[in-house]
Amino acid sequence: MSPPNDDPSRAAKEYGESPEPFQERPREATRWRFIPLVASVRGYSWTLFRVDLVAGVALAALAVPQAMAYAQTAGLPVVAGLYGLLLPLVAYSALGSSRSLMTGPTATSALLVAPALATVSSDPADYPVLAAMLALLVAAVFLLARLLRLGWISDYFSAAVLLGFLTGLALTLVSGQLDDLTGVAVEGDTALMEYVSFAASVVGGTHATTLLIGVLSLAALIVGGRFLPKFPMLLLVTVAAIGASALWDLGDRGVVLVGEIPPGLPKLAWPSVSVADIAILLPSAVGIALVGFSDAILTARSLAQPDSPSVDTNQELTALAGINVAAGVSQSFPLGSSGSRTAVNIRLGGRTQVVGLVQAVGVTVVLLLLTGALALLPKATLGAVIIYAALGLMDLGAWRGFARGSRGELLVAVITVLGMLTIGLLPALVLAVLLSVLDVVRRSAQPRDAVLGWSPTAGRFVDVVRHPDAVVVPGIVIYRLDERLFFANSRYFRGRLRDAVRGAPYPVTALVFDAESVTDLDTAGAQAFADVADELRGRGVRFVLARSRAAFVEQLSRTGHADVLAPEDQFPTVRAAVRSIAGVTLEEPDR
């Protein structure tokens, strides 16, 4: 390989007159760019269709009981969940950038919808139209985010908040299904109150037949998921429960059934809701959209197939807006992405969003021909479906990781869970996000830093706290800051430099500032840098700069501090600075 050319014009010659070494993924410049389905079915074959057909039929069988259960969780008629598997699936199939992601009614959206509706009305008869308007408001939030290109915002929803939210969501889902699963009358405005009410009433308040159906359904789902992951156990449990209900007249034995489901397809209509009620629903719509988008992006990215195009976050905003517009005009409720159905789709080999279209056709058949059978389904079975889904939201491995790692993130996750159990989902989520922001601010205000010493074995400068055997040069303190230097940590920076000089085991004559990790410098940071340089020089300590980025020096100049350091006090490496100050040659590691 030839040695590098030091000619400064070489980059311009090779990259062009305006060098731009970073190139974004090219976008398809066609009229169909905003309908990814068109690109995904180019070259589509009968073989691929057969795979997508099998996956779509299987997913329809899985989605129908789930959708009914989630509608029940949202406080809506179960048919609202089935409506969410028609036009919304067609919308995502056309607009979604992920070829694997499955959308529709989800546990997350259902549990957030219920309290939102309760803030407007206490009459369940009002809930369907309010839920439809809430879906349209969620769509409006997604569209606004798309217009403002806010797809990047999903990267700032911390892992701690998501872990705490999903765990709290799971516990809240379970508490909401205890009455349907056991027949115990459960009361309470929060999940914690519902658990307390259940514990007080479970002895003597349980309906034996309901409990038997619920426990058998849940046990079958757990065993099937554990030992027969490819077997359609949910479909089997649903069919068996309907058969048992018809055979033994479970409704006459005190078991609560789903009840009448209106046959046919939904009528398209714009929900009629007052402006005052819309204003009350709007904050909930923002929260549902934020959670739904983060959940969709995380699911799409984590379960993406290796040969599929990367997920376009801004296109996903468009797709999520589309499915919620479809939900709002077809009498459903806010929808999102389903991690469980997406995983099943990948396991079955689904290749394109044709899978979603097949699902929609399958649900259409159910609504036209099978609503009479679904009316016999015990609600205890739907409760078991929800509890089984809730168990899948709990990630014990992630909790162990946080416990071994960041205590700050662990605290945020715990507070999120406790908040969801005591004050409700959206207030707890707001609190958790604020805590995450405060944690980021705290880390920026008190960043990682270190006093460095030379490690002969590693052949580099290392943190003397982590490497007690590191060699220090008498008279010299080497300080490294692992963060940008700006207004939030400028005072901390000055104080830490003073502490480093004070804590040295020898009189200090020079301080070397290793600035390689300082990626940015604002006006307050530049002033702090200049102040500490003047202060140290006033105390007879030479202040020198090593390994600084070009942008660091340029920003010093822009802020009027170009002369704070003479050229002889700036070095390309820390070793060069130490050699110049003390005339010491550091020992190299044995090779």
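# Helices, cores and a sheet in a predicted model

User: In this predicted model, which helix holds Thr73, and is Thr73 buried or exposed?

Analyst: Thr73 has its place in helix α3, which covers residues 46-73. Beyond its neighbours within four places in sequence, Thr73 is in contact with Ala110, Leu111, Ala114, Leu173, Gln177 and Ile386. The cut-off for buried is under 20% relative accessible area. Thr73 has 13% relative accessibility, so this residue of α3 counts as buried.

User: How many residues does the largest nonpolar core have, and which helix gives the most to this core?

Analyst: The largest nonpolar core has 113 residues, and those with the most contacts inside it are Met68, Leu76, Leu117, Leu134, Phe142, Phe333 and Leu374. In soluble globular proteins, nonpolar side chains tend to be buried together. With 11 residues, the helix that gives the most to this core is α7, residues 127-147.

User: Which residues does Phe142 touch, not counting residues up to four places away in sequence?

Analyst: Phe142 is among the residues with the most contacts inside the largest core. Not counting residues up to four places away in sequence, Phe142 touches Ala289, Phe293, Leu317, Leu320, Ala321 and Asn324.

User: How many residues are in the other core, which lies apart from the largest one?

Analyst: This other core includes Leu485, Phe529, Ala533 and Leu565. It lies apart from the largest core, and its size is 30 residues.

User: What separates the C-alpha atoms of Val325 and Val138?

Analyst: Val325 belongs to helix α13, residues 313-329, and is partly exposed, with a relative accessible area of 35%. Not counting residues up to four places away in sequence, Val325 touches Leu136 and Ala139. Val325 and Val138 are 187 residues apart along the chain, and their C-alpha atoms are separated by 8.4 Å.

User: What span does helix α11 reach, and which elements are included in what covers its buried residues?

Analyst: Helix α11, residues 233-248, has 16 residues and reaches 22 Å from its first C-alpha to its last, close to the 22 Å expected. Its buried residues are Met233, Leu234, Val237, Thr238, Ala241, Ile242, Ala244 and Ser245. An α-helix has 3.6 residues a turn, so residues three or four places apart point the same way. What covers the buried residues of α11 includes α3, α10, α16 and α17.

User: What is the strand order of the open sheet, and which strands stand at its edges?

Analyst: The open sheet has six strands with mixed pairing, in the order β4-β3-β5-β6-β7-β8. Two of these strands have a single partner each, so one side of each is left without a neighbour in the sheet; they are β4 and β8.

User: Which residues are the bridge partners of Ala450 and Leu452?

Analyst: Strand β3, residues 449-455, pairs with β5 in the antiparallel sense over four bridges, and four bridges also join β3 to β4, again antiparallel. The hairpin of β3 and β4 has four residues between the strands, and in it Gly459 takes a positive phi near 70 degrees. The partner of Ala450 in β5 is Arg480, and that of Leu452 in β4 is Asp463.

User: What angle does the direction of helix α22 make with that of β7?

Analyst: Helix α22, residues 523-538, packs on the sheet and touches β6 and β7. Its direction and that of β7 make an angle of about 140 degrees.

User: Which residue caps the N-terminal end of α24, and which strands do the buried residues of α24 pack against?

Analyst: In helix α24, residues 574-582, Val574, Ala576, Ala577 and Val578 are buried. A side-chain oxygen of the capping residue, Thr573, lies 3.0 Å from the backbone nitrogen of Ala576. The buried residues of α24 pack against β4, β5, β6, β7 and β8.

User: What are the phi values of Gln331 and Arg547?

Analyst: Most residues other than glycine have a negative phi. Gln331 lies in the loop between α13 and β2, and Arg547 in the loop between β7 and α23. Gln331 is partly exposed at a relative accessible area of 39%, and Arg547 also counts as partly exposed, at 29%. Phi is positive in both: about 65 degrees for Gln331 and near 60 degrees for Arg547.

Terms used
Residues numbered from 1 in each chain as written. Predicted model: local features only at pLDDT ≥ 70, side-chain atom pairs only at ≥ 80, totals over all residues. Heavy atoms only, no water. Helix = DSSP H or I, 4+ residues; strand = E, 2+ residues; numbered from the N terminus. Buried < 20%, exposed > 50% of the residue type's maximum accessible area, 1.4 Å probe, protein only. Contact = heavy atoms within 4.5 Å. Polar contact = N/O pair within 3.5 Å; in protein donor to acceptor, adjacent residues only side chain to side chain. Core = buried A, V, L, I, M, F, W, Y, C linked by side-chain atoms within 4.5 Å. Expected span 1.5 Å × (residues − 1). Pairing = 2+ DSSP bridges. Axes fitted to C-alpha atoms, helices over the stretch in contact; angles between N-to-C directions.
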